[in-house]
Amino acid sequence: MNVRICALLFLFWAGCANAQGFANLGTDADGYAVPDPAYRFEFPKDHGPHPDFRIEWWYVTATLSGADGKDYGVQWTLFRSAIAADGPEDGWESRQIWMGHAGLTTPDQHFVAERFARGGIGQAGVVADPFEAWIDEWQLRGPDFDSLNMTAQGSDFAFSLDLSATGPLVPQGKNGYSVKSSAGQASHYYSQPFYTVTGRLDLPSGPVDVSGNAWLDREWSSQPLSESQTGWDWFSLSMNDGARLMGFRLRDNRAPAYTSATWIAPDGTPFPYDDGAFRAEPLDVVDVAGRSVPTRWRVTLADRDLDVTVDALNDQAWMATAFSYWEGPVRFDGTHQGRGYLEMTGYE
């Protein structure tokens, strides 16, 4: 979605004294740049960083089939956060902090790794053209945004995947201006939901050749939530007929959940939907790391005759990182069939 969970840690580092919204994501922008509904994306420039905004991320999820007949899921995410609205960008005094998350999900196991870096010393960063995003030895890079290699490794897993775009970039919300609350909080948000994938996973049981599809999200903002929003449930669903759906609900302790969605036609044409059109209803709750988490959902978008049941590949896909959350691959069935990814935060 993507107000991604790792940005939360950065906001704590930024010295936020009182929690506002989920993990301070409702904190006032206070001198940072704010999203503008009149802004139009510029590529390849916008593939790179936006240091005047407080937070942003480069986020990839992949649903994969192995040569061993099993399904897998992979997550690769790089987050940037500014710890001050202005200041130096070079050396150890840089105001930019970086974090990376990698996850690999099998039907029976879930592997997690995490990286931290300070900007300005070369340990992490992003270059727009030719594209390269990295933190330590993890990389997402290629001659352009249409052809990328993605690598990461942890103590007990690794992956190297090649991504090739087969469709266009897609703005989320209205021309890329994605509203997150009735109070008007928003982000700039676009996706590349049309990657095909080939590559290899390295697991404790040995290497596995895989193929499948990937979805990349780009988002940046400075105050993406309202102060009373407590967490979110974000879905990316890829239909077998070639259509795509991004939808989320932001839970609020003072008001009904706020929802947003974009239906993406097989040719990449987006159809954004405002609050209330997209609905996500939890069906089953399981115990995950001592928390009650819904991992089976009914998702509907009446305007597109979408009514599906979404099930986790592995309901224990808990990201035990500095700020923990649930994230993993899903399958869905009903009026449409396919695979996708689900991210859920704020379940404590």
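Student: In β6, what is the bridge partner of Val127?

Tutor: Glu132 is the partner of Val127. Before we go on, this is a predicted model, where local features need pLDDT of at least 70, side-chain atom pairs count only at pLDDT 80 or more, and totals for chains, interfaces and linings use all residues. Residues are numbered from 1 along each chain as its sequence is written, and side-chain values use heavy atoms, with hydrogens and water left out.

Student: What makes β5 and β6 a pair of strands?

Tutor: A strand is a DSSP run of E with at least two residues, numbered from the N terminus, and two strands pair if DSSP finds at least two bridges between them. β5 (residues 124–127) and β6 (residues 132–135) have 4 bridges in the antiparallel sense, so they pass that definition. They also form a hairpin, with 4 residues in between.

Student: How do you know that β8 and β9 pair?

Tutor: Between β8 (residues 147–153) and β9 (residues 158–165) there are 7 bridges, again antiparallel. Met150 faces Leu161 of β9, and a hairpin of 4 residues connects β8 to β9. β9 also runs antiparallel to β12 (residues 186–203), joined by 8 bridges; there Leu163 has Val197 as its bridge partner.

Student: His188 is in β12 too. Why is His188 called buried?

Tutor: Its relative accessibility is 3%, and buried means under 20% relative accessible area (exposed is over 50%, partly exposed in between, with a 1.4 Å probe and protein chains only). So His188 counts as buried.

Student: Which residues does His188 touch?

Tutor: Contact means heavy atoms within 4.5 Å. Leaving out residues up to four places away in sequence, His188 touches Pro35, Asp36, Tyr39 and Trp220, among others.

Student: What makes His188 and Asp36 a polar contact?

Tutor: A polar contact is a pair of N or O atoms within 3.5 Å; within protein, one must be able to donate a hydrogen and the other to accept it, and residues adjacent in sequence count only if both atoms are side-chain atoms. The backbone nitrogen of Asp36 is 3.2 Å from a polar atom of the His188 side chain, so the distance fits the cut-off.

Student: And why is Arg339 called buried?

Tutor: Arg339, in β23 (residues 338–344), has a relative accessible area of 16%, so it is buried. Its side chain has a polar atom 2.7 Å from the backbone oxygen of Leu64, and a polar contact of 2.9 Å with the side chain of Ser65. Asn213 is 126 residues away from Arg339 in sequence, with 9.2 Å from C-alpha to C-alpha.

Student: What makes a ring cluster here, and which residues are in it?

Tutor: Rings of Phe, Tyr and Trp (its six-membered ring) pair if their centres lie within 6.5 Å; planes under 30 degrees apart are stacked, over 60 edge-to-face, the rest tilted. Ring pairs link Tyr39, Phe41, Phe43, Tyr190 and Trp220, and the structure has 13 aromatic pairs.

Student: How do you know that Arg251 lies over the face of Tyr347?

Tutor: The rule asks for NZ of Lys or CZ of Arg within 6 Å of the ring centre and within 35 degrees of the ring normal. Arg251 is 4.1 Å from the ring centre of Tyr347. Arg304 likewise lies over Phe271, at 4.3 Å from the ring centre.

Student: What is the pLDDT over residues 1–27?

Tutor: pLDDT is the predictor's confidence in each residue, from 0 to 100. Over residues 1–27 it stays under 50, while the chain averages 90. Where pLDDT is low, the predicted coordinates should not be read in detail.
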